[in-house]
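This briefing is meant to be read alongside the sequence and the coordinates. It takes the fold as a whole, then its helices, and then some local features.

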Amino acid sequence: MICAIVRFILFFKKVYFFLLPNKGVENLMLIGPYLTMVPSAEQIMEWSEKNGIAPKWQKQMEAYYDSIPLMPE
């Protein structure tokens, strides 16, 4: 039995996909998104600027990142 594991990282959010053995793609387990660190307001602002998100959305971006579960590695 082999389990395929794929990890995606986007803006420091992580997601794991597990393909369950002998079950095909219809049996996929997803864990995430989650953070491994608490981003600072400055980091969120930098990520937003790099991705063309206007500064007027800073508070909403901070609230979004505050809502993502934290799972330290």
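The points below are grouped by topic, from the overall picture to single residues.

The model is a predicted one, and the protein it describes contains 2 helices and 3 strands, which follow one another along the sequence in the pattern β-β-β-α-α. Of the 73 residues in the protein, 21% are buried, and the accessible surface comes to about 5,500 Å², with 64% of that surface belonging to carbon and sulfur atoms.

**Overall organisation**

- Among the contacts in the protein with a separation of 6 or more, 31% are accounted for by residues that are 24 or more positions apart.
- The largest nonpolar core has 6 residues in all, namely Leu35, Ile44, Trp47, Met61, Tyr65 and Ile68, and the elements that give two or more residues to this core are helix 1 and helix 2.
- As background to such a core, nonpolar side chains in soluble globular proteins tend to be buried together.

**Helix 1**

- Helix 1 spans residues 41-50, and its buried residues are Ile44, Trp47 and Ser48.
- These three cover an arc of only 100 degrees around the axis, so they lie on the same side of helix 1.
- The face turned away from that buried side carries Glu42, Glu49 and Lys50, which are exposed, whereas the buried residues of helix 1 pack against helix 2.
- Just after helix 1 comes Gly52, whose phi is positive, at about 70 degrees.

**Helix 2**

- Helix 2 covers residues 58-67, and within this helix the buried residues are Gln58, Met61, Glu62 and Tyr65.
- They are placed on the same side of helix 2 because the arc they cover around the axis is only 100 degrees.
- Lys59 and Ser67 are exposed residues on the face of helix 2 turned away from its buried side.
- The cover over the buried residues of helix 2 includes strand 2, strand 3 and helix 1.

**Contacts between the two helices, residue by residue**

- Ser48, a residue of helix 1, has a relative accessibility of 4% and therefore counts as buried, the cut-off being under 20%.
- Once neighbours within four places in sequence are left aside, Ser48 is in contact with Ile53, Gln58 and Met61.
- Gln58, which lies in helix 2, also counts as buried because its relative accessibility is 12%, again under 20%.
- With neighbours within four places in sequence set aside, the contacts of Gln58 are Ala41, Ile44, Met45 and Ser48.
- Met61, a member of the largest nonpolar core, touches Ile44, Ser48 and Ile53 when residues up to four places away in sequence are not counted.

**The cis peptide bond and the surroundings of Pro33**

- Gly32 and Pro33 are joined by a cis peptide bond, for which omega is about 5 degrees, and Pro33 has its place in strand 3, which runs over residues 28-35.
- Pro33 has a relative accessible area of 37%, so this residue is classed as partly exposed, a term for values between the buried limit of 20% and the exposed limit of 50%.
- The C-alpha atom of Pro33 is separated by 4.8 Å from that of Val15, although the two residues are 18 residues apart along the chain.
- Leaving aside neighbours within four places in sequence, Pro33 is in contact with Lys13, Lys14, Val15, Ile68 and Pro69, and one of these, Ile68, belongs to the largest nonpolar core.

**A nonpolar patch on the surface**

- Leu20, Met29, Ile31 and Met71 form a nonpolar patch on the surface, and together they have about 300 Å² of accessible area.
- Leu20 is found in the loop between strand 2, residues 13-19, and strand 3.
- The relative accessible area of Leu20 is 32%, which means that this residue is partly exposed.

How values were computed. Residues numbered from 1 in each chain as written. Predicted model: local features only at pLDDT ≥ 70, side-chain atom pairs only at ≥ 80, totals over all residues. Heavy atoms only, no water. Helix = DSSP H or I, 4+ residues; strand = E, 2+ residues; numbered from the N terminus. Buried < 20%, exposed > 50% of the residue type's maximum accessible area, 1.4 Å probe, protein only. Contact = heavy atoms within 4.5 Å. Core = buried A, V, L, I, M, F, W, Y, C linked by side-chain atoms within 4.5 Å. Patch = residues over 30% accessible without salt bridge, like charges linked within 9 Å, V, L, I, M, F, W, Y side chains within 5 Å. Areas by Shrake-Rupley, 256 points an atom, 1.4 Å probe, with all protein chains shown as cover. Salt bridge = Lys/Arg side-chain N within 4 Å of Asp/Glu carboxyl O. Arc of directions from axis to C-beta.
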